[in-house]
Amino acid sequence: MVVFEKPKALADVQLHYCPGCTHGIVHRLVAEVIDELGIEGRTIGIAPVGCSVMAYNYFNCDMIEAAHGRAPAVATGVKRSDPENNIVFTYQGDGDLASIGMAETVHAAARNENITIIFINNAIYGMTGGQMAPTSLPGQVTQTSPYGRDTDHCGFPIRVCEMLSTLEGPEYLERVTVNNVKAVKNAKKAIKKAFQNQLDGKGFSLVEVVSTCPTNWGMTPKKALEWIDEKMLPYYPLGVYKDRSAAKEEASK
Amino acid sequence: MSDKVLMKGNEAIAEAAIIAGCRHYFGYPITPQTEVAAYMAKKMPKIGGTFLQAESEIAAINMVYGVSSTGKRVMTSSSSPGISLKGEGISYLAGADLPALLINVQRGGPGLGGIQPSQSDYFQATKGTAHGDFHMIVLAPCSVQEMADLTVKGFDLADKYRMTTMILADGTMGQMMEPVSLDYEIAPPVEKPWATTGTKMERKHNIVNSLSLVPEELEKLNFERYERYKKIEETECMYEEYMMEDAEICVTAFGIAARVSKNAINEARKQGIKVGLIRPITLWPFPKAPYKAAAEKVKEVISVELNMGQMIEDVKLATECKVPVTLCNRAGGMIPSPEQVLEAIKKAAKGGTK
Amino acid sequence: MAKLTFKTDNCKGCGLCVDACPKQVIALAKDKINKKGHHPVEAVNPDACIGCAFCATMCPDCIITVER
C-alpha cells in the first residue's frame, strides 16, 4: 500500500529551487490539500514575482503569473469573475507580499476577499540574490545590509499576521513553519483550513509559512532549519492570529 | 432605431460597456472621469455585475488582469496621472496577450497637473505607455455618440486581437452632454480557449503569463505580436475626412480639437479658403493613407492639439515631409478657440511658413 | 516491511530526509552522482524502514514514494 507519493495536483517536473529550499515542501502541501478537497478542476493559482515566480509550471490547476506584489488584486479579479465556482489562491514571498504588494495585501484582507494566500516568509529576497526583505531580522546580514540590518537606519521587520489581525476584515490568519515533520503536518492543517474557509465562503485566509533560504542565508539546509528555531521564531511566533469563525463559536458557548 | 437619450460622455461610455456585455468594472476615483465609476457603482449590482472601488489604480488594473484571464469582458477608467500608475499592469496585459478596455479621460499634466481637458497623453497612449515592445489600440472619440460607439467597438477589437484597447478621451468629452442612440447589435462572444477558468479536469492547465526567460522564445513572441499589429495597421485604421476633396490646406485634429477645427474650417470656407480636415479616429494604428494623399495636393498641414505638439510627429511621418506641418495648440488644460485655428488657416492661405 | 522508491535524478542531495529518518535507513550516496550533479539519497539500511514517511514529508523535491 502506498502511504506517501507525489500529489496529483503537483506537476511531474523538477522544481528549480535550490537544494533544501522549503518552497518545495509548501508547494507539495498546497497540492495535497487541492487533491484532498477535490478542487483541482476549479482552482486557479496566482504566482508572484520572486523565487516562486515559476510556480505556474508546478501546479496542474490553471495558473496566472502576476506582476510583483499584485497577486491579491489579480486574485480579486479572478474570484469575482465567478465567485461560485473559482477557488483562488496566491502564493507569495515576503518581498512580494509585504513590501511592494503591501497595499494589495492589506486591502484584500480588509475587504475579506474570499481567497487563500500562502505567504512564504524567509526573511530575504532569494531570486535577486539575497537582499534585505521587509521581514529580514534586526542585525541580519544580507547583500543590501552587509553590516547587518540596522533598525535605526532602515526600520524594523514587519510581522504580517499581527498587523493584519488588527483589521476587522480577515477571516483567518495563522503563522506556521515547516522545519520539522510535526511542523509540516501543522502547516498542512492550516493550509487546508485556509482553502476550506474559501469553499465555505468565509473569506480572506492567509497562512504565513516561516521558511528557509539556505543559499542566501549562507547555511547548509540542515543548519537553515535550525536557524528558524533559533532566530526566526523568537521574532515571528507561531500560532493563530485570527480565526473569526472559531471566535464566534467560542463566544456563543 | 431606438430613441435618443441625453447623456454625459462618461455615462455613455459606462452604459455602452454594459450593453457590450461588460459585467466587471474596477477603478479608483480621479477627476474628470468619476461619472464612469459612479454609473457603474449604481448599475452593476442591479444586473449581477461587479463594481469594485480598488485601493489604487495599480490594484484596479490588476483586478482587470484577473478577470480578463478568465475570459470575461472587463474595463477600468481613469485620467492621466492614474493611467501612469496603470502602466505597469497595461504592460503585463500586453505581455500576456489579454484583452481589456481602458478609458483615459485626459487632463493637463505633467505631474498632478490640473483637471481641465487635455490631449497631452497622446505619446503615452500611442507609443510609451510602459516598458517593453507593445501597442494598444487607441480610439479617439469626438462626440458623446462616439464615446458610446467606440466603447462597443473597443471591446470587439480587444477580444479579436487579444490586446488592450484604450479610449483616449478628454475632460470635455467626458463632461459634455449630447443626445445618444444606444442601439447596438452585439456580436456573439469570442471563444477564449486560453482562459484560466479551471481545468474541470478536462484539459491540460492553462497558464496566463508574461515571463519568458529564454531570449530566443521571447523574441519570437515579440515578432508574433508585431505580425498581429501589422495586420491591425492594415485593416483597422479609422478616420474621418471633412471637405478634403478640394482642400489646399489640411487641418488635422482628434477629439475635441477636431470639433473646434470644424468650426474654424466652416468659417474659413465662408471666406473662400479651401481648407479641410483629417480626423484620425484610431490614433494607433495611425491612419497614414489620408495624410499621404493630402501631402500630394495641399500646401500645408496644420495639427491642432491640446498639448505641446505630440500627434504632429506622426503627421510629419505620414506626410513624409512633403509639405510643411505646423502646430496650432494650447496646453495645460486650455482649448484652442475657433478663432485661433482660423488665424492659423488664414496664415497658411497667405503662404504660411513656406 | 516498508519500501522506499526514489526518483533519483530529481534529488538535489540536500539531506533533509536523512536527518528526518528515525531509523538511519537512508544516506546520501557519496560514491554516486546523478544527472544534476548531486549525491542522491539511497537506502543503505532498507530492512530497518518502518514506513513512517518522515523522509518524504521533509523532501522539498517530492522524490520519495513510501509503501507499506
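Here is a short tour of a predicted model, going from how its chains meet to a few pieces inside them.

## How the chains meet

Two pairs of chains touch, and the one with the most contacts is A and B. Chains B and C, on the other hand, share no contact: their closest C-alpha atoms are 20 Å apart.

## Chain B as a whole

Chain B holds 12 helices and 15 strands. Its C-alpha trace spans about 75 × 50 × 40 Å along the principal axes. Is that a compact fold, and why? With 354 residues, a compact globule would have a radius of gyration near 20 Å, so the 21 Å of chain B agrees.

Looking inside, 54% of the 354 residues of chain B count as buried. Among contacts in chain B with a separation of 6 or more, 80% come from residues 24 or more positions apart.

## A helix in chain A

Helix α7 of chain A covers residues 181-199. From first C-alpha to last, this 19-residue helix reaches 27 Å, close to the 27 Å expected. Its buried residues include A:Ala183, A:Val184, A:Ile191 and A:Phe195.

What covers them? The cover includes α1, β4, β5, β6 and β7 of chain A, and α2 of chain C joins in too. Just past the helix, A:Gly201 takes a positive phi of about 75 degrees.

## A strand in chain C

Strand β1 of chain C (residues 3-6) has two faces: C:Leu4 and C:Phe6 are on the covered one, C:Lys3 and C:Thr5 on the uncovered one. Side chains in a regular strand alternate between the two faces of the sheet.

β1(C) runs antiparallel to strand β4 (residues 64-67) of chain C, and four bridges join the two. In this pairing, C:Leu4 stands opposite C:Val66.

Terms used:
Residues numbered from 1 in each chain as written. Chains lettered and ligands numbered in written order. Predicted model: local features only at pLDDT ≥ 70, side-chain atom pairs only at ≥ 80, totals over all residues. Buried ≥ 20, exposed ≤ 12 C-beta atoms within 10 Å, placed from the backbone. Pairing = 2+ DSSP bridges. Contact = placed C-beta atoms within 7 Å. Expected span 1.5 Å × (residues − 1). Rg over C-alpha atoms; globule rule 2.2 N^0.38 Å.
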